[in-house]
Amino acid sequence: MKRILLFLTLVALTASAWAATTFTVENLNFTVVNNPTSSAPGTCTVAGLSTAGKGATSLALSVPGLVTYNNQNYHVTGIESYALQNATNLTSVTLRYGIQTVGSYAFSGCSNITYVRIPSS
């Protein structure tokens, strides 16, 4: 019995260590890549549309370069694969400076996008 309890405890601890921290700011969900330190902001990626973003009839999406959550700053460094797949309510997308990667199929099926703005550097 003690072995079973020990095993279940280890499984629970391991699963919680693997679980990514996510948060929502306005129309987007984000996944934390690196936590902020006392001297530097953390980093995060766009994981998908929030409930509010999914519920919008028409959405002009601006992906910020920096977001604040729980009084902590995070640089947004990318958009995850499949993050916005089939978001047919998206009409335009503006990426801010600092977005380094856009994952595979991130905008697949977003058939109503008519405008995309990407910074020059």
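Which strand is the place of T101? T101 sits in strand 8, which covers residues 101–102. Keep in mind throughout that this is a predicted model.

**View 1. T101 in strand 8 and its contacts.** Start with T101, which is partly exposed because its relative accessibility is 47%. Leaving aside residues up to four places away in sequence, T101 touches T77, G78 and I79. Look for S81 as well: T101 and S81 are 20 residues apart in sequence, and their C-alpha atoms are 9.6 Å apart in space.

**View 2. The hairpin of strand 1 and strand 2.** Here strand 1 (residues 22–25) and strand 2 (residues 28–34) run antiparallel, joined by four bridges. Two residues come between these strands in the hairpin. One to pick out in the turn is E26, with a positive phi of about 55 degrees. Across the pairing, F23 stands opposite F30 of strand 2.

**View 3. An aromatic cluster made of F23, F30, Y69 and Y74.** There are four aromatic pairs in the count for this model. One of them joins F23 and F30, whose rings are stacked at 5.4 Å centre to centre, with 25 degrees between the planes. Are F23 and F30 buried or exposed? Both are buried. F23 also stacks with Y69, at 4.6 Å centre to centre and 15 degrees between the planes. Since F23 belongs to strand 1 and Y69 to strand 5 (residues 66–69), this pair ties together parts that are 46 residues apart in sequence. The two partners differ in how they are placed: F23 is buried at a relative accessible area of 3%, while Y69 is partly exposed at 30%.

**View 4. S50, in the loop between strand 3 and helix 2.** Strand 3 spans 42–49 and helix 2 spans 51–55, and S50 lies in the loop between them. Why does S50 count as buried? Because its relative accessibility is 3%, and the cut-off for buried is under 20%. S50 touches T24, E26, N27, L28 and N29, once residues up to four places away in sequence are set aside. So E26 turns up again here, after its part in the hairpin turn.

**View 5. The largest nonpolar core, with 23 residues.** Seven names are worth finding, as L28, F30, V63, V76, I79, L84 and L90 touch the most other members. Strand 2, strand 3, strand 4 (59–63), strand 6 (72–79) and strand 7 (90–95) are the elements that give two or more residues to this core. As background, nonpolar side chains tend to be buried together in soluble globular proteins. Zoom in on L28 and you'll see contacts with F23, V46, G48, L49, S50, L61, S62, V63, P64 and L84, not counting residues up to four places away in sequence.

**View 6. An open sheet of three strands, in the order 4-7-9.** The pairing in this sheet is parallel. Strand 4 and strand 9 (115–117) stand at the edges with a single partner strand each, so one side of each has no neighbour in the sheet. From one strand to the next, the twist averages 15 degrees. Strand 4 and strand 7 run parallel and are joined by five bridges. What is the bridge partner of A60 in strand 7? That would be S92.

Definitions and conventions
Residues numbered from 1 in each chain as written. Predicted model: local features only at pLDDT ≥ 70, side-chain atom pairs only at ≥ 80, totals over all residues. Heavy atoms only, no water. Buried < 20%, exposed > 50% of the residue type's maximum accessible area, 1.4 Å probe, protein only. Contact = heavy atoms within 4.5 Å. Pairing = 2+ DSSP bridges. Core = buried A, V, L, I, M, F, W, Y, C linked by side-chain atoms within 4.5 Å. Phe/Tyr/Trp six-rings, centres within 6.5 Å; stacked < 30°, edge-to-face > 60°. Axes fitted to C-alpha atoms, helices over the stretch in contact; angles between N-to-C directions.
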